Amino acid sequence: MSKKATAKTRAQAPKAGKGLANALLERWRFYFTVLVIALLLAALLWHLAFLQVVPGNERGYEFLQGQGNARTIRHETINAYRGLITDRHGEPLAVSSPVRSIWANPKLLKSDKTQLRALAKSLGLKQSELAAKIERFKNKEFMYLKRHLPPHKAQAALALGVEGVYSTTEYQRFYPAAEVASHLIGFIDIDGKGQEGLELAYDHWLRGEAGEKRVIKDLKGRVIKDAGLIRAAQSGKDIRLSIDLRLQYMAHRELKTALKAYKAKSGSVVILDVDSAEVLAMVNQPSYNPNNRSKMKASQLRNRALTDQYEPGSTMKPLTILAALETGKFSSDTIIDTNPGYVRVPGKTFVDPVNYGEIDLGKIVTKSSQVGIVKVAMEMEPETIRDMYQRFGLGAVTGTGFPGERTGSLPNRRKWHATEHANFSFGYGMSLTAAQLAQAYNVIASDGLFRPLSILHQQEGVESKQVAAKELVRKVRKMLKTVPEKGGTGTLAQIADYPVAGKTGTVHKLGKAGYAENRYMSLFAGMAPADDPKIVAVVMINEPGTQAYSGGKVAAPVFSQVAESALRLLRVPPKVSSDQQVVAIGGAQ
């Protein structure tokens, strides 16, 4: 190799070394860059994992997820359907229908006057009223704008698109029988809680249990989607009453007509099924419409048949006679001398309208003789009469479980004054309700068997207790058959096709200074058909404002109408008289 070539080679060697170094540097730069990028990517992935996977850190995924959920996921209540109330045949007496309630978040509600005016109009509110409500709740996040709207009206309000206005599904109670059954059924408040009647008594049974669900909402509070069911709503249980709605309507009509005709202040009618002591009808006047309570008065709310107490008067005479028969001192044929038409006891004189002379026990019931019953009673201890009253359910609740039911008053004295003793024998100095009176007469109708009253339909046999001898009770019932017959005090209670047994009562009401002269309670308690009773009915008319005020003239005709209609509706076959039998046989020939 020449010197020139060798020199050239030596000159190129540093350049080659320098190029190799540059190449290695570039490669390491590349690797370093890739490594940095990989480390950054790994750090990013680690940070993401730290935020979304690694638990147990205040800034970990649990914290962030909780914060996110807190801003988007909400819990909403699912309102439960309230149970149905029906009569014994399944006819609805109280039903619930879905409605929409409009509510708003005042903090989100815009104050645009045009929108607020349109919103107020769609809800049936005054704009000033709506503005005042928004101002009152301005620091809150919830307020109702309108409750229980029909779905189409609620949708019209929501369609305005006012920010901060929402709706929720609720249930509104409706009472198909309106005032006809209002005292029994009662009503609920706007929040679905029982306030009166059976709605109150069985509120825990009817109400059911509300459910809960998760929903996802946007920043404006609008529901985007359901996030899952937490707890399903459990509907309330249904209740089947013993009431026969046909009889309830009929009794309501007859009582309302009677109160108008006699210008009375109030009244009650109770009809029982003899075999089960179930209440077939229970009506009161004045009444109210639970579907529209805007003009309702407190005095209209009482179920007077169960809450109003009064002295029963002469309707207690049959029980006193039964107590006398039990002593063995008296029989149905025992003659009582009522001459000269009055009797004196220490402190008072008791007078009959006319002098009945010598009469038997049956005639005492037929004529409702004060003198006769006082003479019988004074031959017994007052405790004997009280024991009979108590056995027939007086002085105790009837067993209906109705809220506010009264027990009445059955005095139990160590020492009885003669006047108290005499008054007690014909229903003064004590008090009871119309339902208690019906229960007592149901014992007579069922041959001495006592059964507690029931407003609920009985699926099984009813427990009963023999409280008086069957043969003695039948003798008293035979006496009661004479009251609606000619010569008795209750002839207007008689029914052509169904013989009636019952008793009238005309009671002076208490005033500020003793018994008032012109204030009366008119009563009739009875059963039909008399020989094989199917129903017991009690009619109470409070303070009739006409010249006719006695139980025989005021309450007895109402009993006749009510009992006859009830027996026909229940398809009880009428008793065929001997003349009708002859006609029927002749027609067949």
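Colleague: Which residues have the most contacts inside the largest nonpolar core, and how many residues does that core have?

Modeller: In this predicted model, the largest nonpolar core has 96 residues, and those with the most contacts inside it are Leu241, Leu361, Tyr389 and Phe392. Helix 16 gives the most to this core, namely nine residues. Apart from it lies another core, this one of 33 residues, including Leu259, Val269, Ile495 and Phe559.

Colleague: What makes a set of residues count as a nonpolar core?

Modeller: The members must be buried residues of the nonpolar kinds, joined through side-chain atoms within 4.5 Å. As a general background, nonpolar side chains tend to be buried together in soluble globular proteins. For the chain as a whole, buried residues make up 45% of the 589 residues, and carbon and sulfur atoms supply 53% of the roughly 30,400 Å² that the chain exposes.

Colleague: Which residues does tyrosine 389 touch, if those up to four places away in sequence are not counted?

Modeller: Tyrosine 389 touches Met316, Leu319, Thr320, Leu394, Leu410, Phe424, Ser425, Phe426, Gly427 and Met430. Two of these names, Phe424 and Ser425, recur among the buried residues of helix 15, and the elements against which the buried residues of that helix pack include helix 14 (382-391).

Colleague: Why is helix 15 called mostly covered?

Modeller: A residue is called buried when its relative accessible area is under 20%, and seven of the eight residues of helix 15 (residues 418-425) are buried, so the description follows. The buried ones are Ala418, Thr419, His421, Ala422, Asn423, Phe424 and Ser425. Besides helix 14, they pack against helix 11 (317-327), strand 14 (342-345), strand 15 (348-351) and helix 13 (370-377). The helix is followed by glycine 427, whose phi is positive, near 85°.

Colleague: How do you know that aspartate 447 is buried, and what is its phi?

Modeller: Its relative accessible area is 14%, and the cut-off for buried is under 20%, so aspartate 447 is buried. Phi of aspartate 447 is near 60°, a positive value in a residue other than glycine, and the residue lies in the loop between helix 16 (434-445) and strand 17 (449-450). Alanine 178, in the loop between strand 5 (165-174) and helix 6 (182-185), also has a positive phi, near 50°.

Colleague: Why is tryptophan 28 called exposed?

Modeller: Exposed requires a relative accessible area over 50%, and tryptophan 28 has 59%, so it counts as exposed. Tryptophan 28 is in helix 1 (residues 3-52), and together with Leu20, Leu24, Phe30, Tyr31 and Val34 it makes a nonpolar surface patch of about 670 Å².

Colleague: What makes glycine 487 partly exposed?

Modeller: Its relative accessible area is 35%, which falls between the 20% and 50% cut-offs, and therefore glycine 487 is partly exposed. Glycine 487 is found in the loop between helix 17 (470-481) and strand 19 (501-511). Its C-alpha atom and that of lysine 363 are separated by 9.8 Å, although the two residues are 124 residues apart along the chain. Leaving aside neighbours within four places in sequence, glycine 487 is in contact with Thr366 and Lys367.

Colleague: How do you know that the span of helix 9 is close to the expected one?

Modeller: Helix 9 (residues 245-262) has 18 residues and reaches 26 Å from its first C-alpha to its last, and the span expected at 1.5 Å a residue is 26 Å, so the two values are close. Its buried residues include Leu245, Met250, His252, Leu255, Leu259 and Tyr262. What covers the buried residues of helix 9 includes strand 3 (92-104), strand 11 (266-273) and helix 18 (551-569). Lysine 263 follows the helix, with a positive phi near 55°.

Colleague: Where are the cis peptide bonds at proline 340 and proline 529 found?

Modeller: A cis peptide bond joins asparagine 339 and proline 340, with omega about 0°, and proline 340 is found in the loop between strand 13 (335-337) and strand 14. Another cis peptide bond joins alanine 528 and proline 529, with omega about -15°, and proline 529 is found in the loop between strand 20 (514-528) and strand 21 (535-542).

Methods: Residues numbered from 1 in each chain as written. Predicted model: local features only at pLDDT ≥ 70, side-chain atom pairs only at ≥ 80, totals over all residues. Heavy atoms only, no water. Patch = residues over 30% accessible without salt bridge, like charges linked within 9 Å, V, L, I, M, F, W, Y side chains within 5 Å. Areas by Shrake-Rupley, 256 points an atom, 1.4 Å probe, with all protein chains shown as cover. Salt bridge = Lys/Arg side-chain N within 4 Å of Asp/Glu carboxyl O. Helix = DSSP H or I, 4+ residues; strand = E, 2+ residues; numbered from the N terminus. Buried < 20%, exposed > 50% of the residue type's maximum accessible area, 1.4 Å probe, protein only. Contact = heavy atoms within 4.5 Å.
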